[in-house]
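Thanks for coming. I'll go through one structure today, starting with a strand pairing and ending with the two ligands.

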Amino acid sequence: MSKVALITGVTGQDGAYLTDLLLKKGYIVHGIKRRSSLFNTERIDHLYQDPHEKNIQLKLHYGDLTDSTNLIRIIQETQPDEIYNLAAMSHVAVSFETPEYTANADGIGTLRILEAVRLLGLTKKTKIYQASTSELYGKVQEIPQSERTPFYPRSPYAVAKMYAYWITVNYREAYDMYAVNGILFNHESPLRGETFVTRKITRGVAKIALGLQDKIYLGNLDAKRDWGHAKDYVEAMYLILQQPKPEDYVIATGVTTPVREFVRMAFNEVGIEVEFKGKDDKEIAVVTACKNPDFKIAVGKEVVAVDARYYRPTEVDLLIGDPTKSQTQLGWKPKYDLAGLVKEMVANDVELFRKEVLLKDSGYYVRNQFE
Ligand code: NDP
Ligand code: GDR
């Protein structure tokens with residue numbers, strides 16, 4: 001018999017990679033997607049299976065983490081062996097704009113899942129993975145950060161995720177449920193949302209190289225993150241739920257890098273060298289060499305500028321994870337390093353925007369539909 005998994009946030013970056021992984025392992029995968037006025041399944045369209053066919057392995061359900069009746073019904077109908085709770089309002093900066101919604105979806109949403117499993121009498125059958133985050137560490141208490149490091153959240157997002165973390169631990173202890181936290185550090189990929197810093201940079205670099213954009217405006221270039229590849233991190237999620245005992249794990253590379261260095265690496269991928277000048281919100285990056293004959297970027301061109309509106313009211317300055325427990329207990333080891341990640345993301349975005357150039361050069365352009 002195939003195992004059954006339910007993935008919330010199936011249309012997101014991690015949802016897409018995890019769905020692919022679990023389908024390859026022979027799972028029946030149920031995914032919860034939100035209704036939106038435009039299609040929002042682009043990341044999983046290649047995995048889509050026509051519900052009119054027999055024996056389909058992937059099934060999507062409309063739902064929302066703010067609707068407990070919907071969650072109870074879907075969990076009852078699907079009777080999952082494993083739930084991966086990946087759905088969240090996941091953007092830290094946006095959580096300052098929508099704090100109440102973020103608390104509802106990211107914090108109480110997790111409670112709704114746990115409570116649905118309990119009410120339906122599935123505590124012995126259904127294992128629950130909660131997508132916890134290195135943002136819990138917030139203001140630096142200790143480096144590197146491990147399963148034992150105290151939390152000090154610095155955004156409405158992180159505070160909501162802190163509730164989700166502890167309610168998961170509490171249900172595990174109170175009701176003897178298999179409910180666990182993966183405390184994942186930042187992980188990126190070509191599927192990363194366009195407004196997270198890595199993807200914003202790789203898209204910007206590709207567009208600048210191809211002459212489609214002038215410069216990239218960024219916020220805090222000093223922030224340091226422990227960046228891995230989402231493909232490696234969904235493997236860890238799966239492994240965490242296969243352990244004999246329910247426990248929480250840190251998933252990280254153990255290497256930290258400033259945003260400024262990510263910018264430099266991304267430009268280097270297209271043969272452009274940059275140097276940074278100035279300080280704080282006057283800092284810029286200018287081109288010092290363009291070694292790729294395909295791209296005609298003038299030396300001295302300003303390609304990055306700081307815009308203070310991307311600063312956050314409270315920032316997380318430094319994240320670096322200690323992956324010892326996941327390496328020893330799960331046997332988890334990432335296949336990608338940062339250089340490999342940057343290479344793949346930049347190559348993907350160059351390819352993406354080359355198509356745009358081709359359309360433009362062939363006389364097609366994006367017409368304003370009200371013209
Ligand atoms: P994304 O933002 O790419 O995906 C989030 C998913 O959640 C999307 O499918 C989104 O739907 C869905 N969603 C948002 N709000 C709701 C809601 N109210 N009800 C139902 N679904 C909702 O995030 P990632 O894939 O990067 O991250 C997955 C999870 O892991 C998140 O919980 C995130 O907070 C957490 N995390 C991520 C890390 C990272 O570096 N990527 C690190 C640590 C934790 P839609 O497509 O319609 O917007
Ligand atoms: P983060 O990711 O907040 O760590 O949360 P993000 O890529 O948004 O920011 C990383 C760092 O870069 C700085 N930064 C900018 N960030 C954005 N988005 N845009 C900019 O222009 C910019 N300039 C500088 C930020 O200030 C920050 O320090 C991600 C999300 O996936 C969360 O859901 C997840 O929990 C954590 O990673 C781990």
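Look at Ile-183 and find its bridge partner in β11: that is Val-250. Ile-183 and Val-250 are one piece of a pairing in which strand β6, residues 179–184, is joined to β11 by three bridges. The two strands run parallel. Before I go on, please keep in mind that this is a predicted model.

A general point for those new to this. Strands in a sheet pair through backbone hydrogen bonds, and the pairing can be parallel or antiparallel.

Now the whole sheet. How many strands form it, and in what order? There are seven, and reading across we get β3-β2-β1-β4-β5-β6-β11. The sheet is open, and its pairing is parallel. At the edges sit β3, residues 58–62, and β11, residues 249–251, and each of these pairs on one side only. Going from one strand to the next, the twist averages 20°.

Helices pack on this sheet, and I'll mention two. Helix α2, residues 68–78, touches β1 (4–8), β2 (28–33) and β3. The direction of α2 makes about 160° with that of β1. Helix α5, residues 156–175, touches β5 and β6, and its direction makes about 150° with that of β5.

Next, ligand 1. There are 26 residues around it, and those that come nearest are Gly-9, Gly-12, Ala-87, Ala-88 and Ala-131. Which elements give two or more residues to this shell? They are α1, residues 13–24, and β5, residues 127–133. Of the elements, α1 gives the most, with three residues. Sorted by class, the shell around ligand 1 has 14 polar, nine nonpolar and three charged residues.

Then ligand 2, which is surrounded by 23 residues. The closest are Val-92, Thr-133, Val-197, Gly-219 and Ala-223. Here the elements giving two or more residues are α3 (92–97) and α6 (197–209). The largest share comes from α6, at three residues. By class, the shell around ligand 2 has 10 nonpolar, eight polar and five charged residues.

One last question: where does ligand 2 lie with respect to domain 1 and domain 2? Domain 1 covers 4–184, and domain 2 is made of 197–224, 258–316 and 337–362. Both domains give residues to the shell around ligand 2, so this ligand lies between them.

That's my part. Questions are welcome.

Conventions
Residues numbered from 1 in each chain as written. Chains lettered and ligands numbered in written order. Predicted model: local features only at pLDDT ≥ 70, side-chain atom pairs only at ≥ 80, totals over all residues. Near = placed C-beta within 6 Å. Helix = DSSP H or I, 4+ residues; strand = E, 2+ residues; numbered from the N terminus. Nonpolar A, V, L, I, M, F, W, Y, C, P; charged D, E, K, R; others polar. Pairing = 2+ DSSP bridges. Axes fitted to C-alpha atoms, helices over the stretch in contact; angles between N-to-C directions. Contact = placed C-beta atoms within 7 Å. Domains from an automatic or database assignment.
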